[in-house]
Each structure stands twice: as structure tokens, then as C-alpha cells.
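This report walks through one protein chain and its two ligand sites. Look over the sequence and the fold before reading on.

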Amino acid sequence: MKRYLLLAIFLKFLLVITPAEALGVMIENATDILNTSEACAACHGDINTQWKMSLHSSSLLHSIDGIYSFIVDGIEKDPIRKGLPLKGELMKCLNCHAPVMEYASDKFIKEVVDAIKIAGGKSANPEGKKKAKELLSHLNVSCYTCHNLRAVPPPHTPEKQTVYGLHGPGNIKGNAAYHTIKKTTYLDNSIFCMQCHGLYTAPDSERIICSTIAQSYRDQYVAAGGQTTCQECHMTKSNRGHTFPGAYAPVMLKEGMLLEVNARAFKTQSYGEKKWFPAAAITVDITNKAGHRIPDGCMWTSRVLLTVTATDDNDKVIWSAQKEFFEPGLDIEGNRRYDTWEIKDILDYSLQPRKTTTEEYYAVFPEREKLVKIEAKLVYIHKEGLEFPVHSERKVLRYN
Ligand code: HEC
Ligand code: HEC
Ligand code: HEC
Ligand code: HEC
Ligand code: HEC
């Protein structure tokens, strides 16, 4: 017990001294941002373990390809952007991917940009790459980002060295002498998540379209009567807590889409012909049970692929059809692009929330078939080679 008390006193010291973000001072070098979530982990171990499983804990490294290409192609090859202050440009991504960088000195911004170029680039020796990645692994959507920096709705600003929570002081077992706690209902509101999961307007008015969830949540889901919050589906439900599962979690993908297949066998004849051909009227219903479109943008290669195939007795494919649900991004000239910083408009072929999308097919098979198996498959594709099967359903049709 006594040891714990000593540890707590030591941690209190750590907590107040180390995380520069807590002090609201300039971050001058890597050690200033190191261990901020670890400082919380000492007492909130379970939550820290959950958070480490979430993409929030690797929100820069997981998007490194996109952020690298923004620096190398977007900034360095564009004479206008190149002339603008580097920090302002970089924050067009890091405002959401690593918000603490708002408090970084110009020198440290430069250090991080160099690390991104090494970690994201093809060359560089393995040792240098490892070092760069180590530094960048500390830039993320940290505990302090959500419980302080973004925990207060603008125009209010968070108080330094304060942790914002839903309950306020004294409601969880234990003693909060380690940090000041302020109560806020903002953390429980979808708008809290929508700060980062939606369109972004930079201080210079440039619009960045990365995630488009906030817009489809508000305009398609809530507008159609949806009442569940982001926190209810992504945190409270099934005790997901701070793991924040999304489109990389098979269980979420399965929960987000329902697939129903109906197929009716009949026979058909071309006009004037004497022969009868086996045929099917196939209906596929896909229902979006999430709180927003599926899939969402930013990984601009993401798509949900529906494949319907008919196979014969020997499993030979005798008919097939495909349909993709996606959200292509367009640049200012109206050309389809895949890099975040080039996307200025979108087209919407995604699955809409609270809606059932129906695909109907009229399929005609070879004359000889007596038994035809119809299979519908849904696959979520992040990019080539990174795919998750979601659902599949079969029907068997017989002809005499
Ligand atoms: C308004 C906040 C915001 C801004 C600004 C922003 N992003 Fe994102 N970004 C997100 C969120 C949230 C996700 C997760 C999206 C999802 O899966 O729905 C994301 C995801 C990504 C991904 C895909 C990660 C993956 O593999 O699934 C890439 C790449 C990316 N962002 C790059 C960028 C780049 C480059 C910029 C700057 C030009 C940028 N982002 C600006 C919020 C933002
Ligand atoms: C993406 C934002 C986000 C991040 C990152 C985040 N939290 Fe939370 N946290 C929340 C929200 C939202 C709630 C309220 C959840 C709810 O509705 O039950 C919460 C709740 C909590 C609670 C109260 C739990 C309870 O039982 O009432 C604690 C403690 C906490 N977080 C600590 C942490 C720690 C420690 C970290 C880092 C390891 C962290 N959080 C990272 C958003 C976040
Ligand atoms: C030395 C232990 C200790 C450390 C370190 C610590 N906390 Fe806590 N924290 C607690 C205790 C104890 C409570 C419960 C307090 C209460 O209910 O009055 C708590 C409660 C909370 C809550 C819930 C507040 C609410 O209203 O529900 C949040 C959020 C939180 N801590 C976040 C953090 C974050 C973020 C960090 C790191 C910057 C951190 N804590 C570091 C001990 C600690
Ligand atoms: C400070 C900005 C920020 C806030 C606030 C925030 N997020 Fe995120 N979130 C991100 C970023 C950035 C990513 C993407 C990281 C990546 O893939 O590189 C992400 C990823 C996610 C993912 C995983 C996405 C996937 O592709 O599977 C989910 C789910 C998620 N966030 C839910 C939430 C919820 C729910 C809230 C509110 C309680 C929230 N986030 C608050 C920035 C934020
Ligand atoms: C009714 C439940 C529900 C609600 C409400 C909800 N989500 Fe989701 N969310 C899901 C499911 C299920 C998935 C997995 C399917 C998918 O990829 O969309 C998901 C996926 C995601 C992803 C990954 C999307 C992708 O395609 O990369 C992010 C990020 C996310 N949600 C954030 C949010 C945010 C932010 C809110 C609130 C504005 C929210 N969600 C509201 C159920 C919900």
C-alpha cells in the first residue's frame, strides 16, 4: 500500500512535469511528447491496453503513406504550398492525426517532417527507418487529446492539467488527487467524434476531405430517424470501451451489413425459339445497419464488393455479376484521385445508412443445367490485397 502511495506521488510528479501538452508549453523535442499515454497507463492500465489496440494509438503511422505523399508531392512539388509556413500545411493532416503537434516548435515540426519522409519513403537504411518510426509512434490520438485538447466545445478552451470526463470528480472508486477532473457531457455526444471524423476547414479556408462520416451520420442517418450515438455503437456496445473497432474489425463489418438473397427458378425461351432455358430471378438485399455510409472515404480505394455467381453441378461458373459500392474522390478538375490532399469533391455510390439497397438480376443458364447454385458474397476491400469477407449466402435451384 505504502509502495503504491510512493508510486502515486512519483507519478503525480511525472504527470505534471513530463507531458508538455498538459502544461500547454511548446514541444521542443521528442522527449516532450513521449510517454503521455504511458503516464495515464500507470493508473488506467485496462483502458490503455484497449486504446493500444485501436487505430487511435497509431493514427500517424497507420496513415503514413498518405501523409508522406502530401509532404513529398503535395507540398514540396507545389511552388505555392512550398512557400507557405510548413506547420500550417502539415496541420492540415495532423490536426486530426496527431493534434498535439499544434503545440510543437518549428524545429520539432521539421524533425517530424524528416521522420515522415524517412519512415514513408522507399530508401533509407533499416536502422534510420526504425528510429523514424519510433519517434512517429508517439504521435497519435492520445488520452490527453480526447480528455483535454478536444474535450471542450469551441469557443471554450480546455484548462491546463485538467482531465475531462463524463462523471466529474469522486464518482469512480479511488482518489482523484492525481489530476483535476472536470465534468463534461461533450464526450458523450456524437459531435465530439465528428470534430475529427468529418470534413475539415483549415484556418486558411482550404477544405480537406478525409473522413466523411460526420456528414453521412447527420444528413443520412439522423435525418432518417437514427438516434444512436457514435459512442454507443463504438464504445458502450459489447463493452468495446477504448478499442474503437471500425472497418478493420470483421465483427463490426458483419454487424454493419445484412445480406439477404432470394432466387426464383423459371424457364425461358427466346422469342420464336423452341428450346427452353433454365433461368432465375435473383434479388439481393443489402441493409446498412451502421450509423453512416459504408464504406467511408480517405482510404480512397475502399469499396464493398458484391459478387453473385451461379455454378452448375460440377462447380463450374455459368453466370456471374458484380457490383461495387464506393465513394470515389475527385480533384478540383473533376478527375478521380486517390491522394487525400487532392480530393475536393466526392461522388457517392456507397451503401446508405438505414437503407436497404436492392440489386435485381435476370439470369439465363445453359440449356442442359438441372441444378444451379446461386451464391452472393460481400467483401470489404480496403485496398488490393487487404480484404475482409463479410457475408455470403447460397440458394439452390432445380429444374426438370
Ligand atoms: C478532420 C480530420 C482529418 C484531417 C484534417 C485529415 N484526416 Fe486522414 N483520417 C481522419 C480520420 C477520422 C480517418 C479514419 C477514417 C475512416 O476510416 O473512416 C482518417 C484516415 C486516413 C487515412 C486512411 C487510413 C487507413 O489506412 O485506413 C489516410 C491515408 C489519411 N487519413 C491521410 C490523411 C492526409 C494525407 C491528410 C492531410 C492531407 C489527412 N488525412 C487529413 C481524419 C482526418
Ligand atoms: C478518441 C477519444 C478518446 C481517447 C483517445 C481516449 N478516450 Fe477515454 N473516453 C472517451 C470517451 C468518449 C469516454 C466516455 C465513454 C462513454 O460514453 O462511456 C471516455 C471514458 C474514459 C474514462 C471513464 C471510464 C468510465 O468507466 O467511466 C476514463 C478513465 C478514460 N476514458 C481514460 C482514458 C485513457 C487513460 C486513455 C488513453 C489510454 C483514453 N481515455 C483515451 C474518449 C477517449
Ligand atoms: C496516479 C493515478 C492516475 C493517473 C496517473 C491518471 N489517473 Fe485518471 N483517474 C485516477 C483516479 C483514481 C480516477 C477516479 C477519480 C474519481 O472518480 O474521483 C481517475 C479518473 C479519470 C477519468 C474519469 C473522469 C470522469 O469524469 O469520469 C478520466 C477521463 C481520467 N482519469 C483520465 C486520465 C488521463 C487522460 C490520464 C493521463 C494524462 C490519467 N487519467 C492519469 C487516477 C489516475
Ligand atoms: C482528435 C481526432 C479524433 C477524435 C476526437 C476521434 N477520432 Fe476516431 N480516429 C481519428 C483518426 C485520425 C483515425 C484514423 C487513424 C488511421 O487509420 O490512421 C481514427 C480512427 C477511428 C476508428 C477506426 C477506423 C477504421 O478505419 O477502422 C474508429 C472506429 C473511430 N476512430 C471512432 C471514433 C469515435 C467513436 C470517436 C468519438 C468517441 C472518435 N473516433 C474520436 C481521429 C479522431
Ligand atoms: C448504429 C451503429 C453505429 C453508429 C451510430 C456509428 N457507427 Fe461507425 N461503424 C459502425 C459499424 C457497424 C461499422 C463497420 C462497418 C463500416 O465499415 O462502416 C462502423 C465503421 C466506422 C468507421 C470505419 C469506417 C470505414 O469504412 O473506414 C469509423 C471511422 C466509424 N465507424 C466512426 C463513427 C463515428 C465517428 C460515428 C458518429 C458520427 C459513428 N461511427 C456512428 C456502426 C456505427
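Which element gives the largest share of the shell around ligand 2? Helix H11 does, with four residues. The model discussed here is predicted.

## The site of ligand 2

The shell around ligand 2 holds 21 residues. Cys40, His44, Trp51, Cys143 and Cys146 come nearest. Four helices give two or more residues each: H4 (36–41), H5 (45–53), H11 (143–149) and H14 (230–236).

By class, the shell around ligand 2 has nine nonpolar, 11 polar and one charged residues.

## The site of ligand 1

Ligand 1 has 24 residues around it. Nearest to the ligand are Gly66, Cys93, Cys96, Tyr200 and Cys210. Which helices each supply at least two residues here? They are H6 (64–75) and H8 (86–97). H8 gives the most, with five residues.

The shell around ligand 1 divides into 13 nonpolar, nine polar and two charged residues.

## The chain as a whole

The protein chain has 400 residues, and 34% of them are buried. Its secondary structure comes to 15 helices and 14 strands. Along the principal axes, the C-alpha atoms fill a box of roughly 90 × 55 × 40 Å.

How much of the contact set joins residues at least 24 apart in sequence? Counting contacts between residues at least 6 apart, the share is 61%.

## Two open sheets

One open sheet of three strands has the order S5-S6-S12, with antiparallel pairing. Its edge strands are S5 (257–268) and S12 (356–364), and each pairs on one side only. Neighbouring strands of this sheet are turned by 15° against each other on average, direction ignored. S5 and S6 (residues 277–288) run antiparallel and are joined by 12 bridges. Within this pairing, asparagine 262 stands opposite threonine 283 in S6.

Another open sheet of three strands runs in the order S10-S9-S11, again with antiparallel pairing. S10 (336–337) and S11 (345–346) are the edge strands, each pairing on one side only. S9 (residues 329–330) pairs with S10 in the antiparallel sense over two bridges. Which residue of S10 is the bridge partner of glycine 329? The partner is arginine 337.

## Nonpolar cores

The largest nonpolar core has 28 residues. Ala280, Ile282, Ala363 and Ile374 touch the most other members. Helix H15 (250–256) supplies at least two residues of this core, and so do strands S5, S6, S7 (303–311), S8 (317–326), S13 (371–383) and S14 (386–398).

What does isoleucine 374 contact, leaving aside its neighbours within four places in sequence? The list is Val261, Ala263, Ala280, Ile282, Val308, Ala310, Arg394, Lys395 and Leu397. Two of these names, Ala280 and Ile282, also appear among the core members that touch the most others. Apart from this core lies another, of 25 residues. Phe70, Val100, Met101 and Ile116 are among its members.

## Helix H13

Helix H13 covers residues 213–222. Which of its residues are buried? They are Ile213, Ala214, Ser216, Tyr217, Gln220 and Tyr221. An α-helix has 3.6 residues a turn, so residues three or four places apart point the same way. What covers the buried residues of H13 includes helix H12 (190–194).

Note on methods
Residues are numbered from 1 along each chain as its sequence is written. Chains are lettered from A and ligands numbered from 1 in the order in which they are written. This is a predicted model: local features need pLDDT of at least 70, side-chain atom pairs count only at pLDDT 80 or more; totals for chains, interfaces and linings use all residues. Two strands pair if DSSP finds at least two bridges between them. Axes are lines fitted to C-alpha atoms, for helices over the stretch in contact, and angles run from 0 to 180 degrees between N-to-C directions. A residue is near a molecule or strand if its C-beta atom, placed from the backbone, lies within 6 Å of it. Ala, Val, Leu, Ile, Met, Phe, Trp, Tyr, Cys and Pro count as nonpolar, Asp, Glu, Lys and Arg as charged, and the others, Gly among them, as polar. A residue is buried if 20 or more other C-beta atoms lie within 10 Å of its own, exposed if 12 or fewer, and partly exposed in between; C-beta atoms are placed from the backbone. Two residues are in contact if their C-beta atoms, placed from the backbone, lie within 7 Å. A nonpolar core is a set of buried Ala, Val, Leu, Ile, Met, Phe, Trp, Tyr and Cys residues joined through C-beta atoms within 7 Å.
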